[in-house]
Amino acid sequence: MTAPRLLRGVLLAGGAVAAAVVANELAGKPIPFLRWSALRMLVDLPGLDKRGQVGDGRERALALYVIKNSRGGDIDDVIRAIDEFARKKSFLMNVGDEKGEILDAAVRRAKPKLLLELGTYCGYSALRTIRAMPADARLYSIDINSANARIARQIWEHAGVGDRVTAVVGMIGDSGTTIARLRNDYGFTEAALDFVFLDHHKSAYLTDLRRILEEGWLHPGSVVVADNVKFPGAPDYLAYLRANEATLWRTVEHETHAEYQKVIKDLVTESEFLGKV
Ligand SMILES: C[S@@+](CC[C@H](N)C(=O)[O-])C[C@H]1O[C@@H](n2cnc3c(N)ncnc32)[C@H](O)[C@@H]1O
């Protein structure tokens with residue numbers, strides 16, 4: 001193809017996308033993924049899960065929206081308001097409502113007492129986890145981004161569940177600081193950890209899970225759920241689970257969709273640890 005024809009093709013495709021987005025916005029955003037806020041996030045996608053914020057202030061705006069538009073002390077209403085913001089205002093990289101139900105069911109099945117989440121963002125999946133976990137359970141949620149931890153805490157306090165979850169700023173792969181904090185301050189001891197939700201930097205899923213295994217925190221029956229295994233994708237993590245199926249792990253692969261739309265497919269894995277590394 002010649003350069004002018006290629007350029008014309010690119011301009012036509014760009015124009016078609018822009019027209020579709022304008023029509024969608026004018027029609028009240030019936031197609032959640034066809035929005036400026038979603039496209040902006042897609043453009044930013046490489047490394048977004050590593051940086052933690054989109055860069056246009058939408059996470060801060062979410063906290064203000066939730067406080068203004070949901071009933072304090074009502075966790076269901078707070079979750080509803082976050083989903084509403086993600087669908088109608090700005091797209092958010094939450095686990096979302098469809099995959100959230102898979103997470104809810106896994107937490108209910110596991111009946112965990114000590115839970116760890118990697119990737120807090122604005123605290124949405126933590127809210128769903130808290131709602132599904134037993135009353136005496138405790139969740140620790142880790143994020144590298146301190147601004148996200150602040151926003152999540154604000155939303156959890158508003159939902160009335162701030163005493164059931166601890167936001168930890170750090171990362172499993174920070175040469176020992178966060179691991180030591182979990183061990184020394186928060187009771188992460190041999191075989192104490194019942195449930196892990198992986199939803200942070202996709203290429204860290206496998207290394208961080210291996211680090212958790214090295215610490216000996218899991219026990220036979222501990223459950224590890226991972227989001228975004230197909231989109232944006234954690235291929236090394238999926239290959240590891242499949243290679244160790246029925247020996248180290250028993251995994252259910254939940255076919256689903258990426259958050260807040262039905263076009264892009266995703267996979268959530270739910271893996272039971274069988275013991276012996
Ligand atoms: C997809 S978002 C998490 C969404 C959240 N679990 C929810 O559903 O509400 C990913 C988050 O992981 C954080 N993150 C990225 N790399 C990380 C790492 N190595 N350790 C901990 N958090 C990390 C980012 O700052 C971002 O807030």
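## A salt bridge in helix H5

In this predicted model, the side chains of Arg80 and Asp77 meet in a salt bridge, with 2.7 Å from N to O. Both residues belong to helix H5 (residues 75-88), where they sit 3 residues apart, about one turn of the helix. Why does that spacing matter? An α-helix has 3.6 residues a turn, so residues three or four places apart point the same way.

Are these two partners buried or exposed? Arg80 counts as partly exposed because its relative accessibility is 34%, while Asp77, at 7%, counts as buried. Salt bridges with shared partners link Arg71, Asp74, Asp77, Arg80 and Glu84 into one network.

## Other salt bridges

How many salt bridges does the structure hold? There are 22. One of them joins the side chains of Arg71 and Asp74 at 3.0 Å, N to O; Arg71 is exposed, with a relative accessible area of 53%.

Asp56 and Arg58 also meet through their side chains, at 2.8 Å from N to O. Asp56 is partly exposed at 37% relative accessibility, whereas Arg58 is buried at 2%.

## Strand E4 and its neighbours

Now let's look at a strand. In E4 (residues 193-198), 6 of the 6 residues are buried, so the strand is largely enclosed by the rest of the structure.

E4 pairs in the parallel sense with strand E1 (residues 114-118) over 4 bridges, and Glu117 stands opposite Phe197 in E4. E4 also pairs in the parallel sense with strand E5 (residues 218-226), over 5 bridges. Here Phe197 stands opposite Val225 in E5. From E4 the chain passes through helix H10 (residues 205-215) to E5, making a right-handed β-α-β crossover.

Definitions and conventions: Residues numbered from 1 in each chain as written. Predicted model: local features only at pLDDT ≥ 70, side-chain atom pairs only at ≥ 80, totals over all residues. Heavy atoms only, no water. Buried < 20%, exposed > 50% of the residue type's maximum accessible area, 1.4 Å probe, protein only. Helix = DSSP H or I, 4+ residues; strand = E, 2+ residues; numbered from the N terminus. Pairing = 2+ DSSP bridges. Right-handed = clockwise from strand over helix to strand, strands pointing away. Salt bridge = Lys/Arg side-chain N within 4 Å of Asp/Glu carboxyl O.
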